[in-house]
Every structure is written in structure tokens, then in C-alpha cells.
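Student: Before I accept the labels given to this model, I would like to see how they follow from their definitions. Could we go through them one at a time?

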Amino acid sequence: MEKYLKRCRSASSSSSNVTTGFEIVEIKPRGEVKLNLDEIVSDPGLRKPVDEFDVNVRDEVRREYMARGPCQLVGYTYPRSTFGIHDRSFQEVWYRKFPWLEYSESKDAAFCFWCYLFKQSEKGGRYAVDAFTKTGFCNWKRALEKFSAHVGAVNSCHNNARIQFEAFQDQIHSTNMLESFSREMNAICRARLTTLLDVTRFILKQGWPFYGVEEFDFSMNRGNFVELLDFFIQNNPGITKVLDLSAPENSQMMTLETQKQFVHACASEITLAIVGDIGDKVFTLLVDGFWDIIIDEHIGIFVRYVNDEGCVIERLLEIMQPPYCKSDFLKGVIDALFAKHGLSFSKLRGLGFNGGSGFRREFSKLKSVILQENPYAMYSHCFSCQLQLIIFALGKEQRLIVCQVFDAISMIVNTIGAVVKMPDELKQAEHERLVKELDGEEADGEDQDTRWGSYYLTLLRLCSSWPSIEQVLINVSDHSTCSDTRLNAYHMIEKIDNHEFVFLLHLMRDLLGITHELSLVLQEKEKNIIQALSLISSVKYQLQRYREDNWEIILDQVNKFCELNQVPLIDMDGDTSRPGKRQFEPVVSNHHHYHVRVFCQIVDSVIQEINELFSDDRIEVLRCIACLDPRNSFSQFNVDQLMHFASLYKEDFSADDYLFLPQQLSNFVANMRHDSEFSEISSLARLAMKMVETGKSSVFPLVYRLIELALVLPIATASVERAFSAMKTIRTHEVDERGEEWRNATLIAHIEHDVLSTVENEQILRHIQLG
């Protein structure tokens, strides 16, 4: 029968979102298990299933069958069978349309070569698992229909097998090139791999998509990967020989699956480098939820630690899109991640979860579960973004009325920037002057970067420039060439010409004004914890006084503002009956509505949120950390407070350590105050680096351990913001089509490209070779 066999190479296919993956096996010593070539049978009806071979030779079995190709009998007279009133048989022409198709002479049946080699029996249907891999298919009357049904959708068992088949082909080519070629060919192959890897590195760093809509030779733009290779070739003719573009496609190693291998290898090596950098150190776990540009919510898992140089490091380990958000599911994800990377829960010293995410309640449960397992994993939160979270919490509690105000403000800001062509030049000049005034572009020495970027600054400008804003909106409503823009401007005029809007505008202006300086201090790169502690106390006091004393004051301000700007006033003694009011909502006076439902509830919510975010136990930890602040020659240094801080981490200090620690603390502060090298140090992070640089971390190891524990707490972090920005950069159709594993790998490689730059090409190539 061998004379009828035709060696076939499968046609490359378009990418799929089905993830590839080979079985992970324990490799036994060479020579213990050998493949018996007599068990390699060409007839698919007589073959032994791959999973019945010893686990150590299965890949060798696949290589042998792939070298022989599918069993396709060419020039053979196929037997005919009766179907109804017609005699039918297998047709040789079917091989052209279905390159995976095989024919068994012994069973007069069709089989699938790809599914035989890489089937996953738990997926697909009868035609994927049985007919085309075990019993064979022989209903020639409905052959074409059933062949297409077997191929199925993009995530079918057959397409999964195809993806793995192509990836395995690439792996064979890469391995053979690196191991079997002559020295010259091996060098060319390695140079080719290095060139492709350099292109991959560059694309990952820039956050570009890899492929285009079409990658045919005649396409105008075949995607960044192919086009960048062409650029290399055009500017360095010597690379042409290395790339050998005349070779078969798989030999060129430029297929989509090859790109996936490179990207996944880069991401894996980055993660290995991060885990290696953590080593046996203590670290903090940061879990945050955020939305991408198409409003899909994702979970980002980060680690925060202090490296060997004393630098505070935050790294991304994984980004995933959970099917549902439950604390037990998230705990399982974290357990699996720790097990995968060899991280220990016993070294976990901090937790940081995003309280403003849609996962807020489940994060709270997750915190409790983790603290039961490790009581030393102290919970904290990034203080620099907590004040912003208050606004979002208010939006939910107050039936979105506050968020609606800020949404309206955002629309106003966008609308006033609309390009408008006025009927005459004088009106045009006046319009442009008003827009510049609102944007803060007048020559007043103001920082332009914050002109509309700050909520507080925006509210101040709205209150102070109300007539100008109204006039600009009127201009846009009357003269914009875009009907949608005109309509938006008209609705904005109606929206702001309302007493309740003006009241909320003034209320939020006052509340954000009270927290403004605290927000600025908390957003500083090098936080002054002592200053923050003082401001937190004063903000809590001011908010309480504002609630008790400012109702009449703000009401008077709002009424005067409305009279000045011709906004209709309301009768405070009248009831709240008005269009749009819900049927069962009780009728109350306007005074009760504004005083109780709006003023008191919003201010109370802010006070409650501030007290929760800056609770007494968190403030106590901050006071302890402030004792290590090197500013003003360690003016806040307090041995008793620091001993209390050490008592929170009994796992890190033995009984003998507690005996030594008080004296070592005293010796440390005395040495620091007399060492000129530390006189200019202004932050705890810089202190840690300087101690490592000068060797003081070894002289005062217990004190340095306290500093390390203080630094791993996520008081200030920008990791999630970096991840969110990266999601907006690289979220493309390509990312959606290639699936979550591709998205995770590209995000890790893009966000942590500085780690990737430290990984040698040889490490990545070895990762690809070992597969």
C-alpha cells in the first residue's frame, strides 16, 4: 500500500482563538523507554491511539507520523458501496479541500490525521472523537457535509488539534534547526531566530499589534511583524540570507503560531525573572479590578517587594478576565498562581485590593479568607487614589446623582471645545476668546497641565465662569455644523439651568476643596507621611464641622448664584412633586429634600468613607512608619512605636530579635544623625537604597527588616494605572481574536518591558527549544 501514499504538508490556516498547549510530562532518563517503529502503522484504521503509547515517547510518535504525512492513497481504485439507488466511493479529489483527510484501506473509511495526533477527547462531538479517530467515517453520500461538520466552529476539537499540529510543526523545525543542522546551518538558524526575536521584542515594547488584516504577499500592509522584517531586509541585505524567505513557510518560522511561541516565551521569562528577584523576600499581593476600552472588567494580580538594592518594586504577574467574581474563585486563582511560580503564602506581608472596583464586596471577603490563612498579611490600600474612590462610592449610594453631575461636567468640557464657525469674524473672535479663557490659556502663569484634569479646579472654573460657559454652549448650539454637537449643547444648557444642579455643583466644590491639599500630598511621589497624618486629622474635623454649620451658608450661596446668573429659584417650602418622580416616593418639602436627602446624606457618606479608608488601625500603622521617616534628622523617631510595629510581625522577629531590637534602634538613629551621607535623604525608599549602598543594611539588619516591612505596604502604587493604560494601548481586534492567553502574555511583556530588556535572547530561545 505504501506506493499509493502521498507525502502532504498541511496548508497553513488563519489564526484562531483556541489556545495551544502540549501535554506536560515527566521526562525519564534517555534510553529507559524507546519507540518501536513497528508500532508506527500507515493505515489509520489499524493504528494504535497516541495516548496508548508510553508518555515519554508520544512526541516521538507524533514526529514519526508527521514525517510520513497523512495516509492519502493516490491513484488507488476506491471500493464502491450502495447508498440508496447509487453506488458511491471515497474520492481522491477530497484531499485537496481537506488536507487533514486520510483513507483506511482496511476499513474503507475516512479519518482525521490532525485529530488522531492531537485530539482532546473531552471536547467536540461524535464526529470529532469517534468517527474520525476510532471507528472511521464511511457515509460517502453525505461526506462533504460531514467533513465540514467535523471541522466545525473556530473553537472546535478539530481546530484545536489543527492549532496544536501547526505549533508542533514549528517546534520540530526550531528544534531540528538548533540541534541537527551543520554548524553553518545552525548559526544561520540561530541568527534567524535572533532576528525574529528582536522584532518581537520591539513590537512588544511599543505595544503594537503583530499582524494585519491580510498577510498575503500582495497586501498593502501585512502587519507590523512582517513589515518590520521587510524593513530589516531592505536596510540590511545580509539578513535576506538569514531569513531565507524562499524557504517553505514553516521553515521561515514566521507563522502566527511561531509569533505566539515568541510572545509566550518572552512573558514566561519575564515572570521567571520577577519570581527570581523576589526570592525568599517578603512581599505584598495587589489585586485590582479595572475596565478596558470596551468595558470588559479584568483582574490584575501584582506583587510588591524590596529588591536586593533596596528599591521598591511592583510587578505584574497576571491579567485575567474572570468568568464570574466570587471570593472563593479569586482565592483559587491566587493559590494556583502561587503554586505555579513557587511563591509562599508564609512570605505574604501585605494585601491591597481596589475598593472602588465592581469587585469591592468580593475583595472584602477575599481579604478575610487570606488573613485567616496568614494573619501577617496586613491589609492596606493605595492612599493616593482613595479620595477619588469616594466620588464613585457616592455615585452608587446617592442614586448616581453625583455621578450624573460629573458626567454633565465632562460633557460640558467636551462640548465647549467643539469647533464652531460664527457668522461674522467679531463673533468668532469672541467665541475663541471665551474658549481660551475657560481652558485657562490666558497668560496668568497657571500650570496648563491641570486646567481641566482636576475635578476641584474644574468645579472652581464652572462657578467662576458661568456666564462664559453659557455663552459658549449657546454658540455651539446655534452654529455648530454637527447636529449631534448642537443637540448636546442644547441639552447641556437645559441641564445646568437648574437649581439642583447648581446646588450639587457648589456642594461638591466645597467637599473637594476640603480634601484638596490632602489629595495633593497623597499623590506626591515621595509621600510625606507626617504631613498626610496631620491633614487626615484636619480633614475629618473640617468635614464634621461643615455638616453641622454649613447648611444655611451653602443654601444662601446657591440662591445668590442663581439670582446673579438668572437660574430659576425654587420654593423651599413647596413639595417635591415634579415630572419624573417615582410613583411610591413620599412627597416631602424641597427644604427636606435638599437638606436631608442631598446635603446631609452626601456629607455623611463622605465622612463615613473617609473614616473607613483612614481607619484608626491604618492610621496607627502610618504613625509607626512615620517614625522611620528620615526628614529633619529622624525628628519623628520613636523606639516604642517601632517596637509596636515589630510586634505586628511576630513571624519576622524571634524572641532574641525582640531583645536586641530596642538597642539596635537607638544605635541606628544615633549613627544616622551623625553620618553626613544620610543628611540629605528625604524618603523611606531612598533610605533603604542608601543603607544597601553603604552596607548599613547589614550593620543594622533588624532595623532594615522593619524598613522593608514598611515599604512593602501598598501605601502608594501606580501599577493598576499602568496596566489600564497598557490595556488601552494594545487592546485590538488581534487581541480579541487570539484569546486571553495572548492578551495576558502581550500585556506582561509590554508592561514589564524593562524586565524583558534584562533577559538574554539565549534564555528565550532555550525556552522555545524546550517548549
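Student: What share of the chain's contacts between residues at least 6 apart in sequence join residues at least 24 apart?

Tutor: With contact meaning heavy atoms within 4.5 Å, the share is 70%. This is a predicted model, in which local features need pLDDT of at least 70, side-chain atom pairs count only at pLDDT 80 or more, and totals for chains, interfaces and linings use all residues. Residues are numbered from 1 along each chain as its sequence is written, and side-chain values use heavy atoms, with hydrogens and water left out.

Student: What makes H31 a mostly covered helix?

Tutor: A residue is buried under 20% relative accessible area, exposed over 50% and partly exposed in between, using a 1.4 Å probe and protein chains only. In H31, 10 of the 12 residues are buried, including Tyr704, Glu708 and Val712.

Student: Why does the span of H31 agree with what is expected?

Tutor: The expected span is 1.5 Å times one less than the number of residues. For the 12 residues of H31 (701-712) that gives 16 Å, and the end C-alpha atoms are 16 Å apart, so the two agree.

Student: How do you know that E3 and E4 pair?

Tutor: Pairing requires that DSSP find at least two bridges between two strands; E3 (residues 101-104) and E4 (residues 109-112) have 4, in the antiparallel sense. Leucine 101 has cysteine 112 of E4 as its bridge partner.

How values were computed
Helix = DSSP H or I, 4+ residues; strand = E, 2+ residues; numbered from the N terminus.
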